[in-house]
Amino acid sequence: MLAELQNPQNPLPGECACPRTETWAWRRRGFSENQEAFLTCVFGLLRMSTEDNQLCLNISSSLPSSLSAKKKPLSAQQRWARKKQRAEKRRNSSTPTEEKSGSFKQRRLQPLDTAEEPGEKIEAPPVPPPIPSEHSQAPPPELTGKKKKKETREKDGVKESGRSSIKTSSLFKHNPDIPEIHRPAVSQVKEKIFTSDSFSDLDLHPHLVVTLNKVLNVSTLTSVQKQTIPVLLSGRDAVVRSQTGSGKTLSYAVPLVQSLQSVRPKITRSDGPLAVIIVPTRELALQTFQTLQRLLKPFTWIVPGVLMGGEKRKAEKARLRKGINILISTPGRLVDHIKNTLSIAFSAARWLILDEADRTLDMGFEKDLTIILNSLNSAGPSRQNVLLSATLTQGVTHLADVCLNDPASIHVSGPASSDLTTVPALISDPSPANQSESFAVPEALKQFVVVVPSKIRLVCLAAFILDKCQFSQNNKLIVFVSSCESVEFLHSLFTSVLSGPSANHKSSFGFMRLHGNMKQEERSDVFQQFSVSQSGVLLCTDVAARGLDLPQVTWIVQYTPPSATAEYVHRVGRTARIGGKGSSLLFLTPAETAFITELANHNISLSEMKLLDVLSCLMMDDAYKGRGKYHSKMSSRALEQEIRERATVLQTHFENFVHMDVQSVQNAKKALQSFLRAYTTYPAHLKHIFHIRSLHLGHTAKSFGLRDAPQGLNSATGSVGPRAKHHKKDQNKNQTKSPEKNQKKTAEMGRICPSQREVSLFRSEFSSGLDEGGSKKKRRNRKKAFGESGEEEELSAD
Ligand SMILES: Nc1ncnc2c1ncn2[C@@H]1O[C@H](COP(=O)(O)OP(=O)(O)OP(=O)(O)O)[C@@H](O)[C@H]1O
């Protein structure tokens with residue numbers, strides 16, 4: 001009977017929610033009515049204690065001696081024979097395809113996922129199972145030969161200590177296999193950053209050169225500056241592409257200032273805007289404004305000004321009335337003023353600059369841009385137009401053709417097709433348009449990927465942060481996640497659980513957060529604080545992905561994968577700027593590893609970081625000590641086990657925090673829900689990699705510190721839920737199908753996908769936190785559609 005109880009194949013009847021199902025389940029196991037009544041009672045009690053967060057489930061101690069005495073203890077050989085028999089039976093019953101695709105049970109040996117389930121351990125002679133399975137703790141002496149187990153564990157270097165049991169269900173059980181990652185052969189697009197020329201070689205006002213040298217501390221021209229400044233000084237339009245952190249801002253700001261300072265009679269405030277610079281986010285607007293302010297030091301008669309969502313409109317109107325000559329703005333707020341501020345006039349505008357042009361020209365901003373262009377066209381003299389980005393593609397510049405006049409095309413890396421030798425198999429469409437989407441990333445950037453099953457994601461991120469910020473020093477990290485709620489959730493969780501000094505490590509470190517649901521004042525504060533800080537972690541949405549020049553960032557972590565390769569490039573571009581060093585780490589689940597190929601198609605190559613290596617840093621702090629005692633002479637197997645236990649201890653800390661009160665459970669659920677919603681908005685061509693059906697709700701919930709999958713998320717997220725149980729099957733099907741079939745399937749799945757409109761709103765609200773114009777009504781509707789969680793950059797017109 002007890003052997004039956006231990007059979008992992010069948011759910012324990014006590015786990016059934018319905019008493020009728022429970023009775024049936026006992027009967028199916030061949031228990032008598034008396035036994036059944038007793039066991040139902042025992043499991044009822046256990047379930048109650050589980051609900052009270054007391055997960056110490058010790059079956060044996062709950063059983064009366066008369067019951068356990070009926071069963072003779074099995075010898076080690078007998079147990080081994082049984083296990084072998086069971087394993088063989090399972091092997092025979094599973095079809096070859098099932099074998100190949102793998103089920104949730106680990107059939108293949110994985111460094112991290114072995115040794116979890118006693119019944120599954122068939123690869124070795126009768127070595128006792130190392131550590132408890134889900135919810136259960138030390139098995140009873142008469143069942144498992146505890147003494148013998150203890151001896152072996154001690155031999156392995158794991159000594160039983162008197163520590164209390166771990167309450168958390170196993171993190172390392174029932175995970176999908178981690179596939180082997182084959183690093184596709186890719187030639188990275190290389191760009192030389194610096195040239196041997198200096199600003200003094202250019203025909204610039206001497207005061208401007210001095211300002212560049214003394215105020216901005218720059219003297220040597222970068223490649224993009226060397227190519228762009230003369231073109232813009234000659235009065236031509238330009239489309240400029242060069243890698244992140246290569247100095248694109250000065251490549252347009254220097255010729256702009258040079259040109260405006262030479263206007264005679266001298267420019268006055270009353271001339272209004274002579275240049276309009278459009279950027280996608282408020283922080284970038286601020287940063288650009290500050291750069292121009294410094295550059296304009298010797299030319300005090302030229303007034304720069306910034307307009308952006310979140311600021312007081314009234315104050316902005318007053319500043320516009322007073323007169324701004326170089327106007328830096330986010331699109332939504334500028335449209336707002338065009339519609340509502342009488343004093344805004346573009347009759348003198350001679351420059352239009354679209355920074356991060358692929359973003360400002362894309363779907364979300366198209367309408368705003370049309371209004372801005374119409375307003376500029378109807379008023380001004382002939383105008384010079386400049387488009388810049390690290391990821392300008394032909395598709396995007398095609399959109400811009402309407403506003404450009406015979407532009408010079410400046411691609412610092414040259415046409416991608418000329419200097420690349422990409423593996424042919426990786427490129428499905430070798431047309432020039434496709435090849436031009438090979439993006440350059442900084443040469444000194446080290447890019448890594450870690451493949452982590454959903455359940456382990458949270459501890460893996462935490463371990464990585466501890467490694468970089470607590471166990472080593474002077475690291476500054478930016479962690480990208482997909483929604484404001486997730487940022488809030490991780491911020492409060494990590495601040496409480498991770499950031500204080502620990503027993504072994506006295507140093508503490510701080511977490512900051514940045515997303516579109518924060519008040520503007522707070523956002524600006526965080527931006528400034530993180531800019532000047534030497535270390536720490538910034539948790540953020542894509543609101544910080546573009547253009548921000550935050551000094552000395554050492555690591556970029558993409559905890560949720562980006563929505564496109566271009567966004568990947570911009571996120572990692574927050575480090576390794578202007579020739580500096582930096583590293584990045586992308587988190588993928590086993591089902592998402594095809595994204596590595598997607599990146600390789602754009603000539604981006606990643607090295608694998610092993611999950612166990614990330615988690616192993618937990619050995620540095622005994623605050624996470626497992627049930628055993630670690631000493632340096634442990635076998636590698638015991639060490640792995642200790643790492644797993646420590647990861648479980650950390651997960652327990654998180655779960656305890658999350659389940660501390662109703663509000664924090666609520667916060668975790670909200671974060672999970674927004675994560676799932678964001679997951680539904682990956683573009684169609686990436687749906688075969690990131691599909692909501694591939695997510696296992698229970699496992700994903702665990703990565704939000706939730707012990708159970710919350711109910712009632714289906715309506716919000718499409719098919720997550722029961723269907724998701726078959727996610728592996730779906731995933732495999734998806735992967736074997738041709739891309740066309742996948743596309744068709746994605747179309748067919750319209751009923752579970754959000755509408756196009758929802759997708760575009762969602763992307764603008766959750767993924768980027770970029771500006772959105774529009775009326776209050778529109779905003780209300782949006783909030784209705786997405787709850788109160790939207791990332792709203794712009795307020796509506798008054
Ligand atoms: N010629 C130069 N010499 C040294 N440093 C420079 C030079 N030009 C710019 N920089 C510095 O390089 C950093 C990155 O510049 P900038 O923000 O303009 O890059 P970017 O190409 O616009 O990046 P992104 O694509 O991420 O927006 C800034 O700190 C800037 O001050």
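Student: Among contacts between residues at least 6 apart in sequence, what share joins residues at least 24 apart?

Tutor: In this protein, 77% of them do. The model is predicted. Its secondary structure comes to 33 helices and 16 strands, and 57% of its 798 residues are buried.

Student: How should I read a strand order, and what is the order in the open sheet of seven strands?

Tutor: Read the strand numbers as they follow one another across the sheet. Here the order is 5-6-4-7-8-3-9, and the pairing is parallel. Strand 5 (304-307) and strand 9 (408-411) form the edges, each pairing on one side only. Direction ignored, neighbouring strands are turned by 15 degrees against each other on average.

Student: How many bridges link strand 4 and strand 7?

Tutor: Four bridges join strand 4 (residues 275-278) to strand 7 (residues 351-355), in the parallel sense. To find the register, pick a bridge pair: isoleucine 277 has isoleucine 353 of strand 7 as its partner.

Student: Which strands does helix 13 touch where it packs on the sheet?

Tutor: Helix 13 (residues 282-295) touches strand 4, strand 5, strand 6 (326-329) and strand 7. The direction of helix 13 makes about 175 degrees with that of strand 5.

Student: What does the span of helix 13 tell me about its length per residue?

Tutor: Compare the end-to-end reach with the expected value. The 14 residues of helix 13 reach 20 Å from first C-alpha to last, close to the 20 Å expected at 1.5 Å a residue.

Student: Is helix 13 mostly covered or mostly uncovered?

Tutor: Start from the geometry. An α-helix has 3.6 residues a turn, so residues three or four places apart point the same way. In helix 13, however, 11 of the 14 residues are buried, and the helix is mostly covered. The buried residues include Leu284, Gln287, Thr291 and Leu295, and also Arg282 and Glu283.

Student: Which residues have the most contacts inside the largest nonpolar core?

Tutor: Ile465 and Phe494 do, in a core of 84 residues. Helix 20 (residues 457-470) gives the most to this core, with 10 residues. Leaving aside neighbours within four places in sequence, phenylalanine 494 is in contact with Leu458, Leu461, Ala462, Ile465, Ser499, Phe511 and Phe654. Another core, of 65 residues, lies apart from the largest one and has Ala275, Leu292, Ile326 and Val526 among its members.

Student: Where does UniProt place the "domain: DEAD-box RNA helicase Q" feature?

Tutor: The unreviewed UniProt entry lists residues 197-226 for it. In the model, that span is 47% helix and 17% strand, and its end C-alpha atoms lie 8 Å apart.

Conventions: Residues are numbered from 1 along each chain as its sequence is written. This is a predicted model: local features need pLDDT of at least 70, side-chain atom pairs count only at pLDDT 80 or more; totals for chains, interfaces and linings use all residues. Side-chain values use heavy atoms; hydrogens and water are left out. UniProt positions are given in the numbering used here, feature names are shortened, and annotations may be inferred rather than shown by experiment. Helices (H or I, at least four residues) and strands (E, at least two) are DSSP runs, numbered from the N terminus. Two strands pair if DSSP finds at least two bridges between them. Axes are lines fitted to C-alpha atoms, for helices over the stretch in contact, and angles run from 0 to 180 degrees between N-to-C directions. Contact means heavy atoms within 4.5 Å. The expected span of a helix is 1.5 Å times one less than its number of residues. Buried means under 20% relative accessible area, exposed over 50%, partly exposed in between (1.4 Å probe, protein chains only). A nonpolar core is a set of buried Ala, Val, Leu, Ile, Met, Phe, Trp, Tyr and Cys residues joined through side-chain atoms within 4.5 Å.
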